Amino acid sequence: MASKQMLIVAIAAAALAVAFLPGLVVASEHVVSDDKGWALYVDYTAWAETKQFVVGDTLVFEYGISSHNVVEVSGPDFLICHQTDNAVVRTSGEDRVALDKAGRRWFFCGIDNNCENGVKLKITVLETAPPAPQPKAPLAAPPLSNPAGKLQARFGEAAAMVTTAAAAVLVL
Ligand SMILES: [Cu+2]
C-alpha cells in the first residue's frame, strides 16, 4: 500500500514537472503558413507575426514543385523580387531551412510573378525566446488570454493529468 502511495506521488510530481516545463527547451518546426503551405493568396506577413522564430527552430516550405520554389536573398533584393546569381534556391517541395543564427531572413518564390503577387516571406530569428511574462498579484478575475489565466489553465491540465494517473494506479 505504501509503495502504491509513493507511486502516486511520483506520478503527480512527474505530471507537474511536464506541465510547467519552460517552452525554451523545445525547438519548434514552423510549416510556412501552416495548412496553406507556400502558395499564392496567403498573407505571409500576417502569418509571420503570429509566430516566434528562435535559433534552433526549423522553417519548412511545402509546395508543388511545378508551381513554386524558395529563393533566399538579401533584404534589398527581397523588396524588388530580384533573384541574384548567388541566391540560395531550394526546389524540393518540402524544404527544411535551419534557423541557425539570429537576424533577418528573406524568402520568395522565383517562379513567374509569384513574388510580385505576394509569395514572399520575411522573418526575424531571435537569439533566445523571451522569458514568459510573470503573473502579477493580486489576481483579480483574470481573463483567459492573460498569462495568469494561462498558468491557471495549465495548472488545471496538470491536476487533471494527476487525477487520471492516480485513478489508473488505484484500479491496478
Ligand atoms: Cu510560386
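This passage describes the fold, the nonpolar core and one sheet of a predicted protein model. Local features were considered at pLDDT of at least 70 and side-chain atom pairs at pLDDT 80 or more, whereas totals for chains, interfaces and linings use all residues. Residues are numbered from 1 along each chain as its sequence is written.

The protein contains 4 helices and 8 strands, taken as DSSP runs numbered from the N terminus (helices, H or I, at least four residues; strands, E, at least two), and these follow one another along the sequence as α-β-α-β-β-β-α-β-β-β-β-α. Of its 172 residues, 14% are buried, a residue being buried if 20 or more other C-beta atoms, placed from the backbone, lie within 10 Å of its own.

The largest nonpolar core, a set of buried Ala, Val, Leu, Ile, Met, Phe, Trp, Tyr and Cys residues joined through C-beta atoms within 7 Å, comprises 17 residues, and Trp38, Phe61, Val70, Phe108 and Cys109 have the most contacts inside it. Two or more residues are contributed by each of strands E3 (58-62), E4 (70-73), E7 (103-108) and E8 (120-126), with E4 giving the most, 3 residues.

An open sheet of 3 strands is arranged in the order E1-E3-E6 with mixed pairing, where two strands pair if DSSP finds at least two bridges between them. Strands E1 (29-31) and E6 (94-98) stand at the edges, each with a single partner strand, so one side of each is left without a neighbour in the sheet. E3 and E6 pair in the antiparallel sense over 5 bridges, and Phe61 stands opposite Asp95 in E6.

Terms used
Buried ≥ 20, exposed ≤ 12 C-beta atoms within 10 Å, placed from the backbone.
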